[in-house]
Amino acid sequence: MCFLNPFKIHTRHFITVFLLQDQDKEYVGFATLPNQVHRKTVKKGFTFTLIVAGESGLGKSTLINSLFLTDLYKDRKVPNAEERINQTVDIVKHTISIEEKGIKLRLSIIDTPGFGDAVNNTESWKQIEDYIDQQFEQYFRDESGLNRRNIQDNRVHCCLYFISPFGHGLRPLDVECMKALHEKVNIVPILAKADSLTQAEVFRKKMKIREDIKHFGINVYQFPECDSDEDEDFKKQDQILKDSIPFAVIGSNVQVESKGRKFRGRIYPWGVVEVENPAHSDFLLLRNMLVRTHMQDLKDVTRETHYENYRAQCIQNMTRCTHEADIPLPLAIVDTEKERLIFEKDEEVHFSYSFSNFLTYKGNHNSFIHLFLSVAEEDAGGPGEDSGADAAQPERWLLIPYGY
Ligand code: GDP
């Protein structure tokens with residue numbers, strides 16, 4: 001005998017009606033929004049800035065060449081021992097444009113030759129810290145200025161910090177440097193030259209470095225948590241990635257041939273190591289993380305956390321010190337000829353207001369209103385009066401947090 005299940009019938013009936021209604025619905029077209037965003041961003045291209053830090057000889061340049069299959073260091077001059085005694089850290093920027101399947105990436109690598117090389121390395125991370133701050137400052141100036149359309153974003157998105165395989169965990173210089181940088185940039189720790197260690201040593205050194213990172217309160221880049229609806233395979237890969245910190249890597253500038261195969265590797269009297277073999281090193285994990293899976297997150301964390309911290313700090317200082325002349329404020333004065341020309345051009349095109357008018361507009365971030373003030377020369381009592389502005393350039397800026 002067959003019994004009809006009234007609930008089932010109702011459910012089916014309901015679904016049919018729903019589908020019909022759905023088909024009848026007119027198609028507006030906003031479902032194409034992701035495609036529009038995709039097309040626009042692809043056209044614009046992508047940028048990514050990476051800084052490499054760590055003492056010389058740890059294989060930084062070799063690893064960068066291996067990661068991006070380039071030869072960025074053709075003209076490199078390695079200083080001799082005498083030159084290194086008082087060497088200061090240089091900041092060298094290499095930029096390359098890479099294109100893959102029609103997607104353009106402008107990759108900037110910031111190298112730090114001389115780091116940790118001198119006899120006295122006190123504060124040798126200062127140049128790195130200053131460089132990162134300068135990029136934030138430049139971005140802050142640009143996005144708070146009038147010409148916001150062609151801003152070049154040079155903010156540093158990631159720092160590969162190389163740790164020696166020959167020490168026991170972090171050295172004091174590593175601790176100091178990482179602590180100085182961890183609030184400004186995403187630090188990804190790297191255990192260099194992993195082929196000089198046995199498997200057990202790699203494991204022990206990783207544990208020790210992780211312990212040190214925790215003990216000294218260093219905030220290295222945290223991979224975002226997996227969404228609960230991700231499939232099991234993805235979750236497993238994500239966990240492997242998290243457990244691999246610090247990435248134990250091997251680099252090589254040469255292709256070797258073994259058993260009929262050609263690959264980037266290193267030949268030793270006892271055998272061959274393959275850079276991209278997961279059994280030999282974490283190189284592939286690192287490259288996938290940097291390029292395929294977490295590049296956008298590194299950029300997001302830079303923008304939403306590190307840059308926001310810098311920006312908030314700046315604005316706090318500015319509101320506190322608007323009357324103090326000798327404090328350098330990024331927006332204090334529109335001072336260079338270039339900025340003046342951009343300013344005039346923009347004014348011509350976009351603004352019909354006269355200089356004496358107030359112009360308010362909502363900034364990128366809703367919490368602030370950027371207020372543009374024109375201070376006439378005779379208005380000596382106005383805000384920014386003590387900033388030492390040239391009389392020929394009386395325009396001054398004030399960035400006022402909303403609600404002040
Ligand atoms: P940097 O000064 O940190 O940029 O180091 P380099 O990339 O110039 O490398 C210094 C030396 O280490 C060179 O002789 C490289 O061939 C070698 N080297 C680079 N990577 C590795 C590696 O993964 N393992 C080993 N054993 N040697 C490496």
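This section describes strand pairing, helices, salt bridges and cysteines in a predicted model.

Strand β1, which covers residues 46-53, has 6 of its 8 residues buried and is therefore largely enclosed by the rest of the structure. This strand takes part in two parallel pairings: with β3 it shares 6 bridges, and with strand β4 (residues 158-163) it shares 4 bridges. Individual partners can be assigned in both cases, since T49 is bridged to S108 in β3, while L50 has C158 of β4 as its bridge partner. Strand β3 (residues 103-111) is also joined to strand β2 (residues 92-100), in this case by 9 bridges and with the two strands running antiparallel. Within the pairing of β2 and β3, I98 stands opposite L105 of β3. The hairpin that these two strands form has 2 residues between the strands, and K101 adopts a positive phi near 50 degrees there.

A further group of 3 strands makes up an open sheet in the order β7-β8-β9, with antiparallel pairing. Its edges are formed by β7 (255-258) and β9 (271-274), each of which pairs on one side only. From one strand to the next, the twist averages 70 degrees. The contact of β7 with strand β8, which comprises residues 261-268, is antiparallel and extends over 4 bridges, and one of the assigned partners is R264 in β8, which is bridged to Q255. In general, strands of a sheet pair through backbone hydrogen bonds, in either the parallel or the antiparallel sense.

Helix α5 spans residues 126-144, and its end C-alpha atoms lie 26 Å apart, which agrees with the 27 Å that its 19 residues should span at 1.5 Å a residue. Buried positions recur along α5, and among them are I128, E129, Y131, I132, D133, Q135, F136, Y139 and F140. Two of the acidic residues of this helix are engaged by a lysine from elsewhere in the chain. K184 forms a salt bridge with E129, in which the closest N and O atoms are 3.9 Å apart; this pair links distant parts of the chain, with K184 in the loop between α6 (172-181) and β5 (187-191) and E129 in helix α5, at a separation of 55 residues. A salt bridge also connects K184 with D133, the closest N and O atoms being 3.1 Å apart, and here D133 in helix α5 and K184 in the loop between α6 and β5 are 51 residues apart. K184 has a relative accessible area of 18% and, because this value is under 20%, it is classed as buried. E129 is buried as well.

Over the whole structure, 19 salt bridges are found. One of them lies within helix α7 (residues 199-215), where K208 and D212 are 4 residues apart and are thus separated by about one helical turn. The side chains of K208 and D212 meet at a distance of 3.0 Å, N to O. The two partners differ in their exposure, as K208 is partly exposed with a relative accessible area of 33%, whereas D212 counts as buried at 8% relative accessibility. Elsewhere, E55, R171 and D174 are linked in a network of salt bridges. As a general point, side chains of opposite charge can pair when their charged atoms come close.

Helix α8 has 12 residues and reaches 16 Å from its first C-alpha to its last, close to the 16 Å expected at 1.5 Å a residue. At the start of α8, a side-chain oxygen of D231 comes to within 3.2 Å of the backbone nitrogen of D233. Q239 belongs to this helix, which runs over residues 232-243, and with a relative accessibility of 41% Q239 counts as partly exposed. The C-alpha atoms of Q239 and E225 are 9.7 Å apart in space, and the two residues are separated by 14 residues in sequence.

With regard to the cysteines, the structure holds 0 disulfides. C158 is accordingly in no disulfide, and the nearest cysteine sulfur, belonging to C159, is 6.9 Å away. C158, the residue bridged to L50, is buried with a relative accessible area of 0%. C314 likewise counts as buried, at 10% relative accessibility.

Conventions. Residues are numbered from 1 along each chain as its sequence is written. This is a predicted model: local features need pLDDT of at least 70, side-chain atom pairs count only at pLDDT 80 or more; totals for chains, interfaces and linings use all residues. Side-chain values use heavy atoms; hydrogens and water are left out. Buried means under 20% relative accessible area, exposed over 50%, partly exposed in between (1.4 Å probe, protein chains only). A disulfide is a pair of cysteine sulfur atoms within 2.5 Å. The expected span of a helix is 1.5 Å times one less than its number of residues. A polar contact is a pair of N or O atoms within 3.5 Å; within protein, one must be able to donate a hydrogen and the other to accept it, and residues adjacent in sequence count only if both atoms are side-chain atoms. Two strands pair if DSSP finds at least two bridges between them. Axes are lines fitted to C-alpha atoms, for helices over the stretch in contact, and angles run from 0 to 180 degrees between N-to-C directions. A salt bridge is a side-chain nitrogen of Lys or Arg within 4 Å of a carboxyl oxygen of Asp or Glu.
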